[in-house]
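Biologist: I have a sequence and a model on the bench and would like to go through them with you. Please keep the answers short.

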Amino acid sequence: MRTRLPARSAVIRALFGLAAIGLAAQAASPALSPTVPLTEGPFYKAGSPERSNLAASVTAGQRLTITGTVSDLEGRPLGRAWLDFWQADSAGRYDNGGYQFRGHQFADAAGHYVLTTVIPGEYPGRTPHIHVKLRAPGGKTLTTQIFFPGNARNDSDPTFDRSLVVAMSTDGKSGQIDFVIPAP
Ligand code: FE
């Protein structure tokens with residue numbers, strides 16, 4: 001019997017070891033892929049007004065409502081996350097003197113956001129895109145861009161990233177994209 005005790009405890013140690021490896025593997029492979037960061041570009045302006053409708057006083061362009069969630073890598077909603085959007089107008093022009101097509105908002109308690117805007121135009125060297133910075137309360141800022149499906153220039157724009165294409169409704173009036181950032 002005496003000789004079996006060490007053997008048994010070795011088995012127990014091995015089982016605990018396997019359990020620890022299992023836990024480590026779970027922690028290392030989160031449920032969701034993090035949102036890909038992309039360059040801020042030259043046109044960010046801090047201090048945008050708080051608003052979710054960037055097109056309230058705009059008549060030109062194709063209206064679009066984009067919805068989605070902000071969550072952590074495990075899919076837990078990051079309520080009250082800050083999202084700061086900026087984009088060109090439908091003719092591809094940024095308002096660098098003021099704040100047209102610039103606005104920040106906070107996701108609701110369930111991490112949902114709604115952005116009302118127009119589809120941005122192309123400008124030299126870029127396929128249509130909307131810039132966004134986002135941050136969970138107390139977290140780090142992620143800067144990225146979102147894109148639209150089917151644009152001829154998507155594939156020739158070196159900044160384009162397929163994982164950041166908005167899922168568009170068939171009528172082209174609404175889109176959906178979720179953001180995944182590390183929990184603070
Ligand atoms: Fe841009």
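Biologist: What percentage of the residues of the protein count as buried?

Modeller: Bear in mind that this is a predicted model. A residue is buried here if 20 or more other C-beta atoms lie within 10 Å of its own. Of the 184 residues of the protein, the share that counts as buried is 26%.

Biologist: Which elements does the protein have, and in what order do they run from the N terminus on?

Modeller: The protein has one helix and nine strands. The helix, α1, covers 4–28. From the N terminus on, the order is α-β-β-β-β-β-β-β-β-β.

Biologist: What percentage of the contacts with a separation of 6 or more is between residues 24 or more positions apart?

Modeller: Two residues are in contact if their C-beta atoms lie within 7 Å. Among contacts with a separation of 6 or more, those between residues 24 or more positions apart account for 74%.

Biologist: Which strands form the open sheet, and in what order?

Modeller: Four strands take part, and their pairing is antiparallel. β3 (102–106) and β6 are the edge strands, since each pairs on one side only. Neighbouring strands are turned by 25° against each other on average, direction ignored. The order is β3-β2-β5-β6.

Biologist: Which residue in β5 stands opposite Phe85?

Modeller: β2 spans 82–87 and β5 spans 129–135. These two strands run antiparallel and are joined by six bridges. Opposite Phe85 stands Val132.

Biologist: Which residues of the largest nonpolar core touch the most other members?

Modeller: The core has 27 residues. At least two of them come from each of β1 (63–71), β2, β4 (112–118), β5, β6 (142–147) and β9 (179–180). The residues that touch the most other members are Val70, Leu78, Ala81, Phe85, Leu134, Ile146 and Ile181.

Biologist: Which residues does Val70 touch, leaving out those up to four places away in sequence?

Modeller: Val70 is among the core residues that touch the most other members. Leu78, Ala81, Leu134 and Ile181, also in that group, are included in the contacts of Val70. The full list is Leu78, Ala81, Ala107, Gly111, Tyr113, Leu134, Phe179 and Ile181.

Biologist: Phe101 has a positive phi without being a glycine; is Phe101 buried or exposed?

Modeller: Phe101 is found in the loop between β2 and β3, with phi near 60°. The cut-off for burial is 20 or more other C-beta atoms within 10 Å. Phe101 has 25 of them, so Phe101 is buried.

Biologist: Arg80 is not a glycine and also has a positive phi; what is the exposure class of Arg80?

Modeller: Arg80 lies in the loop between β1 and β2, and its phi is about 65°. A residue with 12 or fewer other C-beta atoms within 10 Å is exposed, one with 20 or more is buried, and the class in between is partly exposed. Because Arg80 has 13, its class is partly exposed.

Biologist: How far apart in space are Arg76 and Ala110, C-alpha to C-alpha?

Modeller: Arg76 is also in the loop between β1 and β2 and counts as exposed, because 12 C-beta neighbours lie inside 10 Å. Leaving out residues up to four places away in sequence, Arg76 touches Ser71 and Ala183. Arg76 and Ala110 are 34 residues apart in sequence, and their C-alpha distance is 8.8 Å.

Biologist: What distance separates the C-alpha atoms of Gly47 and Asp84?

Modeller: Gly47 sits in the loop between α1 and β1. With 8 other C-beta atoms within 10 Å, Gly47 is exposed. Gly47 and Asp84 are 37 residues apart along the chain, and the separation of their C-alpha atoms is 9.4 Å.

Notes
Residues are numbered from 1 along each chain as its sequence is written. This is a predicted model: local features need pLDDT of at least 70, side-chain atom pairs count only at pLDDT 80 or more; totals for chains, interfaces and linings use all residues. A nonpolar core is a set of buried Ala, Val, Leu, Ile, Met, Phe, Trp, Tyr and Cys residues joined through C-beta atoms within 7 Å. Two strands pair if DSSP finds at least two bridges between them. Axes are lines fitted to C-alpha atoms, for helices over the stretch in contact, and angles run from 0 to 180 degrees between N-to-C directions.
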